[in-house]
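Let's walk through this model together, starting from its interior spaces and moving on to its charged pairs and backbone.

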Amino acid sequence: QVRLAESGGGLVQAGGSLRLSCAASGRTFTNYAMGWFRQAPGKEREFVARISRSAGFTYYADSVKGRFTISRDNARNTVYLQMHSLKPEDTAVYYCAADQGIVTSATAARYAPRYDYWGQGTQVTVSS
């Protein structure tokens, strides 16, 4: 019943910035922790970031720590991923996901099967 829609992807040069958005339908947005994942051609889906229901906890993949910031606006049912200092290896389809569960470790946050709902993805391409 939860519908997620990503937006904000595009083409950017290395070193540039993009801000991704993920809008959730319904009235239960605050019941879910939200995550961002990405998948490059020929590669497996990988974890990027997670934010808790009330934004009190965040988790990041080591590859994006210090460059990306996840945030949420519960009044707008939207989660964001602000990306700076983009690299060609950041090129991928980026997906947002919703998890009704609670995690207490970074390992659990990275585990994709625990997420209940997924968006369709938005393409991010970083040129060199």
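When the whole structure of this predicted model is searched for cavities of 30 Å³ or more, one turns up. The largest cavity has a volume of about 30 Å³. Its lining is made up of V2, S25, T28, F29, Y32, M34 and A98. Sorted by class, the residues of that lining are five nonpolar, two polar and no charged.

The largest pocket comes next, with a volume of about 160 Å³. Which residues line the largest pocket? They are A33, R50, I51, S52, R53, F57, Y59, G101, I102, V103 and T104. The class count for this lining is six nonpolar, three polar and two charged residues.

One of the pocket-lining residues, R50, is a good place to pause. R50 belongs to strand β5, which covers residues 46-51. Is R50 buried or exposed? R50 has a relative accessible area of 3%, so it is buried. The side chain of R50 also makes a polar contact, at 2.8 Å, with the side chain of D99.

That brings us to D99, which sits in strand β9. Because its relative accessibility is 2%, D99 counts as buried. Besides the contact with R50, the D99 side chain reaches the backbone nitrogen of G101 at 2.8 Å. G101 is itself part of the lining of the largest pocket. If neighbours within four places in sequence are set aside, D99 is in contact with N31, Y32, A33, R50, R114, Y115 and D116. Of these residues, Y32 appears in the lining of the largest cavity, while A33 and R50 appear in that of the largest pocket.

Now for the charged pairs. How many salt bridges does the structure hold? There are six, and the table sets out some of them.

| Salt bridge | N to O distance |
|---|---|
| R38 and D90 | 2.9 Å |
| D90 and R67 | 2.8 Å |
| D99 and R114 | 2.6 Å |

Take the R38 and D90 pair, whose side chains meet at 2.9 Å. R38 is in strand β4 (residues 33-39) and D90 is in the loop between β8 (78-83) and β9 (92-99), so their salt bridge ties together parts that are 52 residues apart in sequence. Both R38 and D90 are buried.

D90 also forms a salt bridge with R67, at 2.8 Å. Why does this pair tie together parts of the chain that are 23 residues apart in sequence? Because D90 lies in the loop between β8 and β9, whereas R67 lies in the loop between β6 (58-60) and β7 (68-73). D90 has a relative accessibility of 1%, so it counts as buried. R67, at 11% relative accessibility, counts as buried too.

The remaining pair in the table is D99 and R114, with their side chains meeting at 2.6 Å. This pair links distant parts of the chain, 15 residues apart: D99 is in strand β9, and R114 is in the loop between α1 (106-109) and β10 (117-118). Here burial divides the partners, since D99 is buried at 2% relative accessible area, whereas R114 counts as partly exposed at 24%. Elsewhere, salt bridges that share partners join R38, E46, R67 and D90 into one network.

Another residue to look at is I70, placed in strand β7. With a relative accessible area of 4%, I70 is buried. Setting aside neighbours within four places in sequence, I70 is in contact with M34, W36, A49, R50, I51, T58, Y60, V79, Y80 and L81. Among them, M34 lines the largest cavity, and R50 and I51 line the largest pocket. The C-alpha atoms of I70 and G121, which are 51 residues apart along the chain, are separated by 16 Å.

Finally, a look at the backbone. Most residues other than glycine have a negative phi. N77, a residue other than glycine, has a positive phi near 55 degrees. N77 is found in the loop between β7 and β8, and counts as buried at 15% relative accessibility. S85 is not a glycine either, yet has a positive phi of about 50 degrees. Its place is in the loop between β8 and β9. Is S85 buried or partly exposed? At 40% relative accessibility, S85 counts as partly exposed.

Note on methods:
Residues numbered from 1 in each chain as written. Predicted model: local features only at pLDDT ≥ 70, side-chain atom pairs only at ≥ 80, totals over all residues. Heavy atoms only, no water. Salt bridge = Lys/Arg side-chain N within 4 Å of Asp/Glu carboxyl O. Helix = DSSP H or I, 4+ residues; strand = E, 2+ residues; numbered from the N terminus. Buried < 20%, exposed > 50% of the residue type's maximum accessible area, 1.4 Å probe, protein only. Polar contact = N/O pair within 3.5 Å; in protein donor to acceptor, adjacent residues only side chain to side chain. Contact = heavy atoms within 4.5 Å. 1 Å grid on protein atoms, 1.4 Å probe; cavity = no way out; pocket = protein on both sides within 12 Å on 5 of 7 lines; lining within 4 Å. Points joined across faces, edges and corners; volume = space filled by probe spheres on them. Nonpolar A, V, L, I, M, F, W, Y, C, P; charged D, E, K, R; others polar.
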